[in-house]
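Got the viewer open? Let's take a short walk through this one, a stop at a time.

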Amino acid sequence: MPETTPTIMPSRATITGTLLDAQLSPVSGGKVVAVLTGSDHFDGGVRIVSQKIEATTNERGEYQLELIVNGEGENAATAWDVTGYNAFVEPVFQSKGLFVATADPATMSEIERTSEINRKAARDGVLGRLIYVESLEEYQALPASQRRDSDTLLVLGA
């Protein structure tokens, strides 16, 4: 049997957040659903056209999603649509067209604020991406394929 090389899949980023209702109370037992829209080619010629990720909120309304890094696609042609639901399956929030630039952990609000500029930078290839990190070492620990000379870092510090 011929030996095969494993396909390199795109990295994933851990995106966290807290689901709150209109009164700013945590939504316990709610669902956050992320759906990948569009299609693109990733490392090794892998074409990803759809994916759905779900998370259930804890008693404090907190959730965590592991999302494919859109910035690793050849054409920056994918995005995430994320919807949060309460325990009665009523929508609480919706964010469309979110673009995850790197595998660095981020909050949902950071992704919402930086998506458009990062998508444009990935498509243009010339402009920089705005990346939030806790330290310079965190950014330097990324694989070389995920770092760009044009990246702009916002080091949050601890």
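Select Val 33 and look across to strand E7: the residue standing opposite is Thr 83. This is a predicted model, so treat what you see as such. Now widen the selection to strand E2 (residues 31–38) and E7, which pair in the antiparallel sense over eight bridges.

Next, bring in strand E8 (residues 91–98). Strand E7 (residues 78–85) pairs with E8 as well, again antiparallel, over five bridges. For one rung of that ladder, pick Val 82 and find its bridge partner in E8, Ser 95. Then follow the chain round the hairpin of E7 and E8: five residues sit between the strands, and Val 89 takes a positive phi near 60°.

Zoom out to the whole sheet. Four strands make up an open sheet in the order E5-E2-E7-E8, with antiparallel pairing. Strand E5 (51–56) and E8 are the edges; each has a single partner strand, so one side of each has no neighbour in the sheet. On average, neighbouring strands here are turned by 15° against each other, direction ignored.

Now show helix H1, which packs on the sheet and touches E7 and E8; its direction makes about 25° with that of E8.

Last stop: Glu 110, in helix H1 (residues 108–124). What is the nearest side chain of opposite charge? That's Arg 113, 4.8 Å away; Glu 110 is buried yet has no salt bridge. Measure instead to the backbone nitrogen of Thr 107, which lies 3.0 Å from a polar atom of the Glu 110 side chain. Further along the sequence, Glu 110 touches Tyr 132 and Leu 156.

Conventions. Residues are numbered from 1 along each chain as its sequence is written. This is a predicted model: local features need pLDDT of at least 70, side-chain atom pairs count only at pLDDT 80 or more; totals for chains, interfaces and linings use all residues. Side-chain values use heavy atoms; hydrogens and water are left out. Helices (H or I, at least four residues) and strands (E, at least two) are DSSP runs, numbered from the N terminus. Buried means under 20% relative accessible area, exposed over 50%, partly exposed in between (1.4 Å probe, protein chains only). Lys and Arg count as positive and Asp and Glu as negative; His and the chain ends are not counted. A salt bridge is a side-chain nitrogen of Lys or Arg within 4 Å of a carboxyl oxygen of Asp or Glu. A polar contact is a pair of N or O atoms within 3.5 Å; within protein, one must be able to donate a hydrogen and the other to accept it, and residues adjacent in sequence count only if both atoms are side-chain atoms. Contact means heavy atoms within 4.5 Å. Two strands pair if DSSP finds at least two bridges between them. Axes are lines fitted to C-alpha atoms, for helices over the stretch in contact, and angles run from 0 to 180 degrees between N-to-C directions. Lists of a residue's contacts leave out its neighbours within four places in sequence.
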